[in-house]
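Thanks for coming, everyone. Let me put the structure up and walk you through a few places in turn.

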Amino acid sequence: MNNIPVQPHQYTIWPKDPAAHLFEVRLTVAQPDAAGQVFALPSWIPGSYMIRDYARHVVTARAESDGRDVSLRKLDKSRWQAAPADRELTLVIEVFAHDESVRGAHLDQTHAFFNGTCVFPAVVGQEEAPCTVDIRAPEKPVGKHWRVATSMNRQDAGQYGFGTYRVEDYAELIDHPVEVGELSIGEFDVGGIPHAIAIRGKTRADMARLCHDLQTICEHHVSFLGAPKDLDRYLFLLNAPGKGYGGLEHRWSSALICGRDNLPARGEEGVSDEYRTFLGLVSHEYFHLWNVKRMKPDVFTPYDLSQESHTELLWVFEGVTSYYDDLGLVRSGLIGVDSYLELLGQTITRVLQSGGRRKQSVAESSFDAWTKFYKQDANAANAIISYYAKGALIALSLDLKLRSETDGAVSLDDIMKAAWQRWGESGIGMPEDGFELLCAELSGLDLEDFFDATVRGTGELPLEALLKPHGIDYHLRLSAGGKDKGGKVQADENLPRVWLGAVLGNRDGTSVFGAVHNGGPAEQAGISPGDELVALDGLRISFDGCEARTRRYHPGDKSDITVFRGDELMTLRLKWAEAPADTCYLLSDEEADSAAKSRRNLWLAQA
Ligand SMILES: [Zn+2]
């Protein structure tokens with residue numbers, strides 16, 4: 001809009017009733033639309049590709065001007081229009097906040113967390129105006145020791161304090177999640193840019209070590225792609241409850257959730273599997289600060305937050321990020337090569353065990369993320385492939401292929417650096433064919449068949465052939481059961497030789513069928529997702545005892561499987577099949593020649 005008012009929009013957010021999970025938000029517009037100001041809440045939040053209709057959590061809405069009520073009309077699920085007002089107009093809403101995910105808003109007596117998408121309506125037509133945000137404390141005695149953590153710039157607030165913050169426009173307003181509560185805060189520096197981590201939760205974590213490790217990751221990524229010109233601060237907001245996992249990227253911050261015991265205690269040495277997962281999450285969200293928060297698909301420039309925005313490129317923005325998150329851990333020295341290969345083996349296993357890879361390409365998975373990947377039903381394992389996991393393996397394949405076929409002259413690192421130059425800070429979105437054309441342009445290779453097969457097709461990735469010349473041996477083995485994520489060696493002799501063709505989950509000690517694989521023994525026997533497994537050949541079976549019992553069968557054996565479907569008991573006839581070798585582990589090939597070893601070192605060394 002060219003009619004930018006001089007006065008910023010003034011937002012005030014107040015934890016009005018923590019016990020009822022209600023925020024009060026006031027928004028004052030100095031020069032409302034003379035035809036009647038329209039206000040709108042987003043239907044989705046950038047980074048999480050699902051329609052969430054945040055306005056559904058608005059409990060009450062009213063408007064006032066000059067001390068008098070102004071009528072307010074609901075236009076549709078997300079918009080309100082006030083009657084014309086010739087002076088300052090204030091919208092007042094109450095928002096129910098009881099979603100503890102990184103995409104939502106949550107308020108209780110222990111803390112407040114919110115994304116702007118949940119609580120701050122846009123002033124339609126004036127989205128480019130600057131805004132102030134007054135973050136108020138709850139009424140005592142709640143919030144006595146609360147501090148405020150957000151990457152918003154302070155206008156009239158002490159560091160980590162309540163008070164007024166400011167942003168350039170609405171897009172920035174919804175890009176700064178805010179955590180308010182009893183926080184542990186650690187600060188560190190990355191190339192002169194102040195960074196911080198604010199943790200909510202009784203973690204008793206080793207803050208000095210966290211700061212050191214996060215600094216190592218951030219420095220690695222900054223040295224790879226260079227600090228964006230507008231990156232003048234960065235904040236990790238970490239919610240650490242008993243358990244949980246998730247992250248959402250923003251331009252100057254990220255919101256993370258991990259289980260409190262996943263963080264290292266003081267004095268603890270080494271990197272546990274859980275801490276390695278947390279470091280991977282940190283690395284992932286920080287890499288997004290380039291890949292998707294600044295460099296974006298064309299269709300996201302600007303975001304249309306009122307409806308779905310389809311792109312086939314989520315595999316580039318999430319898959320490539322998923323490749324560089326763990327790669328960043330080994331390249332920066334936080335984990336060793338064997339540990340990295342274990343993580344890669346787990347990603348390969350995830351893809352191999354997903355039958356959906358034969359039905360859906362990552363281009364389709366990206367496009368349909370809104371209604372498929374984010375809304376998985378009982379058939380998801382048969383119909384959907386993750387653009388994260390397979391996208392990461394396409395990135396790996398592309399990287400190794402470029403390195404091999406250009407004799408080390410061009411790698412995916414070069415592609416990402418060039419992509420960042422082209423689309424990173426220019427404000428120009430990446431066209432749908434942009435990434436693929438850039439790969440061909442930089443490498444001089446004809447990559448059409450590769451992209452046809454891996455991105456637009458459902459063929460198997462040639463990982464074994466690509467890893468071998470880089471001194472890595474690819475192995476497949478049988479699965480040890482539901483908890484076996486792959487990545488580690490296990491001798492086949494000790495593993496179950498038969499297969500049900502279904503995933504069993506644990507519900508209060510009983511086994512409940514989750515995904516039932518197309519064409520597998522369970523499906524052929526007539527087992528449905530949701531069936532509760534009661535007995536195998538007349539003997540009661542518990543979740544924990546299931547795997548041991550399975551080992552007593554051989555391919556071709558037949559069994560009576562007794563299940564509850566709802567409250568109906570039924571016995572089905574199952575024929576056990578031979579278990580597929582669908583679990584991957586990778587090993588450094590110590591017999592590899594020096595050329596392969598040198599390629600491996602170049603790949604896994606700092607870019
Ligand atoms: Zn991501």
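Is His-284 buried or exposed? Keep in mind that this is a predicted model. His-284 has 8% relative accessibility. The cut-off for buried is under 20%, so His-284 counts as buried.

Now, what does His-284 do in the model? His-284 coordinates the zinc ion through NE2. His-288 also uses NE2, and Glu-318 gives OE. The distances run from 2.0 to 2.1 Å. Written as a sequence pattern, the donors read H-x3-H-x29-E. Look at how His-284 and Glu-318 link distant parts of the chain. His-284 sits in helix α4, residues 273-287. Glu-318 sits in helix α5, residues 314-331. The two are 34 residues apart. And Glu-318? Its relative accessible area is 1%, so Glu-318 is buried as well.

Next, the loop between α4 and α5. Asp-298 is found there. Asp-298 has 43% relative accessibility, and counts as partly exposed. Which residues does Asp-298 touch, leaving out those up to four places away in sequence? The answer is Gly-429, Met-430 and Pro-431. Trp-423 is another one to find on the screen. Asp-298 and Trp-423 are 125 residues apart in sequence. In space, their C-alpha atoms are 9.4 Å apart.

On to a pocket. I mean the second largest one, with about 780 Å³ of space. How many residues line the second largest pocket? There are 32. Nearest its centre lie Tyr-170, Ala-171, Ile-174, Tyr-303 and Leu-305. Helix α2, residues 170-173, gives the most to this lining, with three residues. By class, the lining has 15 nonpolar, 13 charged and four polar residues.

Last stop, some strands. Strand β28 covers residues 558-565, and pairs with strand β26, residues 532-536. The sense is antiparallel, over four bridges. In that pairing, Leu-536 stands opposite Ile-561 of β28. β28 also pairs with strand β29, residues 568-575. That pairing is antiparallel too, over eight bridges. Here Asp-560 has Arg-573 in β29 as its bridge partner. β28 and β29 form a hairpin, with two residues between them. Check Gly-566 in the turn: its phi is positive, at about 65°.

To recap the site we started with: the zinc ion is held in this predicted model by His-284, His-288 and Glu-318. That's my tour. Over to you.

How values were computed:
Residues numbered from 1 in each chain as written. Predicted model: local features only at pLDDT ≥ 70, side-chain atom pairs only at ≥ 80, totals over all residues. Heavy atoms only, no water. 1 Å grid on protein atoms, 1.4 Å probe; cavity = no way out; pocket = protein on both sides within 12 Å on 5 of 7 lines; lining within 4 Å. Points joined across faces, edges and corners; volume = space filled by probe spheres on them. Nonpolar A, V, L, I, M, F, W, Y, C, P; charged D, E, K, R; others polar. Donors = N, O, S within 2.8 Å, 3.2 Å for Na, K, Ca; no water. Buried < 20%, exposed > 50% of the residue type's maximum accessible area, 1.4 Å probe, protein only. Contact = heavy atoms within 4.5 Å. Pairing = 2+ DSSP bridges.
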